[in-house]
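Grab a pencil and work through a few exercises on the chain shown here. Each one sets a task and then walks through the solution.

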Amino acid sequence: MPENVSSTVPPPWFARPAARSWTCAPAPTEVREFHASLPGHDPTPLTELPLLAAELGVGRVFVKDESCRLGLPAFKALGASWAVYRALAARAADGDLATPVTLVSATDGNHGRAVARTARLLGHRARVLVPRGVHPEAVAAIAAEGADVSQVMGAYDEAVRRAAEAAAAPDALLVQDTAWPGYERIPGWIVEGYSTLCAEIDEQLAAAGAGTPDLLTIPVGVGSLAHAVVTHYRSRPAGPPAALLSVEPTAAPCLIESLLLGAPVSVTTGETIMAGLNCGTPSSIAWPHLRDGLDAAIAIPDAASARAAGDLARLGVSSGPCGAAPLAGLRAALTGDGADERRAVLGLGPASTVVLLSTEGSAANPAANPAANPAATTADS
């Protein structure tokens, strides 16, 4: 593993010391039972990596490996499947029994493919809109699920707007993993779906004799996964609370900019290999939980994520740039000017247990696969 060289320039950073005292209501318990009933569903691995623990100066490091979730190379199927199940049940309860339905979504890749897979399995149609910059292989993977794929000559936020317009048809249902005023119920179900991932981590840590985590590091786009993680770990009635660190690309730092301002803002995004995190606006339902429940947020350049993905590959974990962002973010937090203060904010010591959420495998983002392009691990940001 290459030596991690400390930077003299502090990374973009936000900290909220009171976050671990904030509490919220838990996710519904039936989500886990629903996922267990799906054909082919098994918990994804939680892999311990002692070399990373030694590098980071902590007791144990685990990586939650989402490189194969329900046959897809990312975690998104958890949210899409639960949300579609709930949404179709709600339509039926309202007396709308028309079939098939067209599920509509905007995506940087993984969410749209999960929606398309869910539609295909349930006998419905899917229409998926992708913004500029999504790799052709990722677009082809969505189309291979049977979806009608349209490319938008704009950024992710524009694709979301266009998807909402397309879903206005009577037989269409918008399944979007970001929320805004007036569109919150389905994004809320998507967040609930991700709770299964957190429940698996608890069981796997217990089986490994690691107890409860001291820190979880989470990649953030619009913030739906981080919303689920905050909900899970801030709704515990007892036990020491975990520290929660979010990680974003410096090219799309909508959450950290919002946290620094104290209100949700939209940012102009740039190009990044972390395609699934290239989002300009936090989800409206995620924002209050992230504002109050995250201990810290950090932003990283592409080079750091590419290097982390390459290191994880050498350690046997398939991780794309979004999935490797938590390792890159934690490295940035624990090195360079101000590292001691950032380590103290996160409460890390030589006996701490850290969990990195690797949300995608290398197959999810072919354009930035370090295994296929070794030069990417030393590319400039």
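Helices (H or I, at least four residues) and strands (E, at least two) are DSSP runs, numbered from the N terminus. We're working with a predicted model, where local features need pLDDT of at least 70, side-chain atom pairs count only at pLDDT 80 or more, and totals for chains, interfaces and linings use all residues. Residues are numbered from 1 along each chain as its sequence is written, and side-chain values use heavy atoms, with hydrogens and water left out.

**Exercise 1.** Place Leu-70 and check its phi angle.

Solution. Start with the location: Leu-70 sits in the loop that runs between strand 3 (60–65) and helix 3 (77–93). Now the backbone: phi of Leu-70 is near 55°, which is a positive value in a residue other than glycine.

**Exercise 2.** Work out the strand order of the 7-strand sheet and explain why strand 1 and strand 2 each have one side without a neighbour.

Solution. Step one is the pairing rule: two strands pair if DSSP finds at least two bridges between them. With that, the 7 strands come out as an open sheet in the order 1-10-9-8-11-3-2, with mixed pairing. Step two is the edges: strand 1 (13–15) and strand 2 (46–48) each have a single partner strand, so one side of each has no neighbour in the sheet. The twist from one strand to the next averages 20°. Step three zooms in on one pair: strand 1 runs antiparallel to strand 10 (residues 296–300), with 3 bridges between them. Trp-13, for instance, has Ile-298 of strand 10 as its bridge partner.

**Exercise 3.** Do the same for the 4-strand sheet, then find how helix 5 sits on it.

Solution. This open sheet has the order 6-5-4-7, and the pairing is parallel. Strand 6 (148–151) and strand 7 (172–174) are its edge strands, each pairing on one side only. Again the twist averages 20° from one strand to the next. Inside the sheet, strand 4 (residues 102–106) and strand 5 (residues 125–130) run parallel and are joined by 5 bridges. Leu-103 stands opposite Ala-126 in strand 5. Helix 5 (residues 136–144) packs on the sheet and touches strand 5 and strand 6. (Contact means heavy atoms within 4.5 Å.) The direction of helix 5 makes about 150° with that of strand 6; axes are lines fitted to C-alpha atoms, for helices over the stretch in contact, and angles run from 0 to 180 degrees between N-to-C directions.

**Exercise 4.** Describe the surroundings of His-289, then those of Ala-199.

Solution. His-289 belongs to helix 11 (residues 286–293). Setting aside neighbours within four places in sequence, His-289 is in contact with Trp-22, Cys-24, His-227, Val-230, Thr-231 and Leu-294. One of these gets an extra label: the side chains of His-289 and His-227 are joined by a polar contact of 3.4 Å. (A polar contact is a pair of N or O atoms within 3.5 Å; within protein, one must be able to donate a hydrogen and the other to accept it, and residues adjacent in sequence count only if both atoms are side-chain atoms.)

On to Ala-199, which you'll find in helix 8 (residues 195–207). Not counting residues up to four places away in sequence, Ala-199 touches Arg-32 and His-232. As for Glu-55, 144 residues from Ala-199 along the chain, the two C-alpha atoms are separated by 27 Å.
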